[in-house]
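Colleague: I have a model open in front of me and would like to learn how to read it. Could you walk me through the features one by one?

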Amino acid sequence: MTDSVCFFNEALKEAKKALELDEVPVGAVVVCDNTIIARAHNKKEQEKNSLAHAELLVIQEAQTVIGDWRLTDCDLYVTLEPCVMCMGAIFHARFRSLYYGARDLKWGGETLFNMASQPRLNHKLYVEDVQSQESADLLTNFFKKKRQ
């Protein structure tokens, strides 16, 4: 098993924590020097805060660990394609790369706006859609139960 798969599996563990809290099951981890330095999951409902996305929470934690707002030597693994708001934060934090598990056809910053390939943005971000069926299934099943 590659390191990338291991790191993504850790993000999936975070998504499952969100699911246990009846949150949209999204999890994220930040990796620096081949070590997870931060982990988070969605907490919007728990915190009653529209900004409590897994990505924003994990960015804040990683910046605290690093002691700087720049995360230039870090990689982000997240189970769902980041929304436009989170993509903006990812760019501002200067991540090296982003790996996400399921596409977000309604809010996805990459799917809807191809943010990583925008020539007007001064920071270059490597983005990979790892196409995780487990991520997609977690989300699909969560929303099916909500609609019942």
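Modeller: Happy to. Keep in mind that this is a predicted model. Let us begin with a hairpin: S1 and S2 form one, with two residues between them. In its turn, Asp33 has a positive phi of about 50°.

Colleague: In what sense do S1 and S2 pair, and over how many bridges?

Modeller: Strand S1, residues 27–32, pairs with S2 in the antiparallel sense, over six bridges. You can trace the pairing on your screen: Cys32 has Thr35 of S2 as its bridge partner, and Gly27 stands opposite His41 in S2.

Colleague: What is the order of the strands in the open sheet?

Modeller: There are five strands, in the order S2-S1-S3-S4-S5, and the pairing is mixed. Strand S2 (35–41) and strand S5 (126–129) are at the edges with a single partner strand each, so one side of each has no neighbour in the sheet. On average, neighbouring strands are turned by 15° against each other, direction ignored.

Colleague: Which helix packs on the sheet, and which strands does that helix touch?

Modeller: That is H6, which touches strand S3 (74–80) and strand S4 (97–102). The direction of H6 makes about 55° with that of S4.

Colleague: And how do I read two helices that pack together?

Modeller: Two packed helices are described by the angle between their axes and by the distance between the axes. Here, helix H1 (residues 3–20) packs with helix H6 (residues 133–147) at an angle of about 10°, and their axes are 11 Å apart. Angles under 35 degrees count as roughly parallel, so H1 is roughly parallel to H6. On the H1 side, the contact is made by Phe8, Leu12, Ala15, Lys16 and Leu19; H6 brings Glu134, Ser135, Leu138 and Phe142. By class, the residues of this contact are six nonpolar, one polar and two charged.

Colleague: Last one: how do I find empty space, and what is the volume of the largest pocket?

Modeller: Rolling a probe the size of a water molecule over the atoms shows where empty space is left. The largest pocket has a volume of about 780 Å³. Of its 29 lining residues, Val24, Leu80, Asp104, Trp107 and Phe143 are the closest to its centre.

Colleague: Which helix gives the largest share of the lining of that pocket?

Modeller: H6 again, with eight residues. Helix H2 (44–47), helix H4 (84–92) and H6 each supply at least two residues of the lining. By class, the lining has 14 nonpolar, three polar and twelve charged residues.

Notes:
Residues are numbered from 1 along each chain as its sequence is written. This is a predicted model: local features need pLDDT of at least 70, side-chain atom pairs count only at pLDDT 80 or more; totals for chains, interfaces and linings use all residues. Side-chain values use heavy atoms; hydrogens and water are left out. Axes are lines fitted to C-alpha atoms, for helices over the stretch in contact, and angles run from 0 to 180 degrees between N-to-C directions. Helices (H or I, at least four residues) and strands (E, at least two) are DSSP runs, numbered from the N terminus. Angles under 35 degrees count as roughly parallel, over 145 as roughly antiparallel, 65 to 115 as roughly perpendicular and the rest as oblique. Contact means heavy atoms within 4.5 Å. Ala, Val, Leu, Ile, Met, Phe, Trp, Tyr, Cys and Pro count as nonpolar, Asp, Glu, Lys and Arg as charged, and the others, Gly among them, as polar. On a 1 Å grid over the protein atoms alone, a cavity is a set of points where a 1.4 Å probe fits but cannot get out, and a pocket is an open set with protein on both sides within 12 Å along at least five of seven lines; lining residues have an atom within 4 Å of a point. Grid points are joined across faces, edges and corners, and a volume is the space filled by probe spheres set on the points. Two strands pair if DSSP finds at least two bridges between them.
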